[in-house]
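Please look over the notes below alongside the model. They cover the nonpolar cores, one strand residue and one surface patch.

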Amino acid sequence: ATSQYLIRFEELHPYTYCQKKITVKNCCNVDLSYSWKLIKPLCVPPQLPGDEDTTVENLSEMALQNRTLDIDAPFAIEPQIGLFKASAVTEFTLTFAPTKVSKFHSVLHLVLQSIPDMLVTTEPMLGQLTVNSANELVTLSRESTEQSTGSNNSSGSQNTSSAPDIGLNDVTGLEVEVKGESVALDVRLSPQAFIIAGKVLMGCTLRRQVQVTNCSQCPVAFSWESITEENSIIEVEPRMGLIESGQEGFVDVCITGIKPGSIQHTLTCQIENLTEPLTLAIEAVIKGPELTIEQPCIEFGLIRLGDTGRQCFRMYNKFQIEATWTIKMSDSDKELQEEIQVNPVSGVLSPLSEVTVEVFCTPKRNKRVKGVLEIHVENGTTNCLNIIGSVQSPIVCFESCKLSVDDLYLNIESKYELKLCN
């Protein structure tokens, strides 16, 4: 490259900045106007053996005519324009402020304005404009002043030759190469997934903690999304926040089931100035309320045809949410649907409460009673309770079908015993 100096910035993250101070000394004893320009770098390839046209001097002279302004560079210098006082030191602030992840390379040109052609040499300029000498510059200024004054005040003096016109040009007095690199923010989640063991009860909120670690060199602001669907609500508390560099923060992921079913979601966390969001995978199974019935079946035993059998059972709600339930006979038992009556047939069971249900059986014929009672819980499970029993009509007969009677006498009562067998 054609630069004499190199300034390298440490790694930064997008939308952060770093500043450095540089000082430039004006070695002349005259004031010099200046301005800074950001130019795209010029890299000179190595010279090949026998190729005289690819020398650094030749390439530099040709390329300097077609240097391109680097308008997208993340570098800035202040003040950008001004005046160098004679033999004074001027301080500048160089800022590197990237807006994306990349490597950056530019060249700062210090352009000295309105410099006489005759005072510029072809020697390399290192930190200052190289002129013939400061004394010659001053002498030239004095001689020009004296010649101008003498021609106006001495009417009888000899005519002197007029001073030649001197061209003024802008000259690059200094080149400073600046380099910087911008890297992505480093923010990590721990854990990166939640696979909930067991089942989450509908209506209850399950909380899990997530650690957010900021391994970047600057504070980061985060914002979590919320998910609201038919069967679940997933939120994060706090939803937004700021984590300092090298620090860690904790958030609670709140999972609330609305309807039974499985949950498979990817929760995203937006990090300011980070292109891709962080993701947290969540898997869970939501279950509805359940009723507990301690007895395995309803046994009516022997029922006399024409009578009504009665049995009871208890249902318990052992969860923290209410359960809406209904009871009916299985659809496969058409006859029993008319013979079995349940009271109550439906209801709402409060959390941690119980209810007693009466079951009546009025059979219409002799048979063995065998059926299934179904207890349906809204958004929950279905319990089945077996019903068994036996129906019979009474059957009575004489133990002996023959009665032997002795001699009977007129107007005298005689008694005989007959035995009936059930």
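The points below go from the interior to the surface.

1. The model is predicted, and the comments here should be read with that in mind. Residue numbers run from 1 along the chain as its sequence is written.

2. The largest nonpolar core has 34 residues, and those touching the most other members are Trp 224, Ile 234, Val 253, Leu 267, Ile 271, Leu 280 and Ile 282. Strands E9 (187-190), E11 (200-201), E12 (205-214), E13 (220-224), E15 (232-237), E17, E18 (261-271) and E19 (278-287) each give two or more residues to this core. E19 supplies the largest share, five residues.

3. Ile 234 is worth checking by eye. Beyond four places in sequence, Ile 234 touches Ser 226, Ile 227, Val 253, Cys 254, Ile 255, Ile 263, His 265, Leu 267 and Ile 282. A second core, separate from the one above, holds 27 residues, including Leu 12, Val 24, Phe 96 and Leu 108.

4. Thr 256 belongs to strand E17, which spans residues 248-257. The side chains of Thr 256 and Thr 205 make a polar contact at 2.8 Å. Apart from neighbours within four places in sequence, the contacts of Thr 256 are Gly 203, Cys 204, Thr 205, Asn 231, Ser 232 and Ile 233.

5. Nonpolar side chains in soluble globular proteins tend to be buried together. A nonpolar patch nevertheless lies on the surface here, formed by Val 396, Phe 398, Leu 403, Val 405, Leu 408, Tyr 416, Leu 418 and Leu 420, with about 780 Å² of accessible area together.

6. Is Leu 418 buried or partly exposed? Leu 418 counts as partly exposed because its relative accessibility is 48%. Leu 418 sits in the loop between strand E28 (397-398) and strand E29 (420-421).

Note on methods:
Predicted model: local features only at pLDDT ≥ 70, side-chain atom pairs only at ≥ 80, totals over all residues. Heavy atoms only, no water. Helix = DSSP H or I, 4+ residues; strand = E, 2+ residues; numbered from the N terminus. Polar contact = N/O pair within 3.5 Å; in protein donor to acceptor, adjacent residues only side chain to side chain. Contact = heavy atoms within 4.5 Å. Patch = residues over 30% accessible without salt bridge, like charges linked within 9 Å, V, L, I, M, F, W, Y side chains within 5 Å. Areas by Shrake-Rupley, 256 points an atom, 1.4 Å probe, with all protein chains shown as cover. Salt bridge = Lys/Arg side-chain N within 4 Å of Asp/Glu carboxyl O. Buried < 20%, exposed > 50% of the residue type's maximum accessible area, 1.4 Å probe, protein only. Core = buried A, V, L, I, M, F, W, Y, C linked by side-chain atoms within 4.5 Å.
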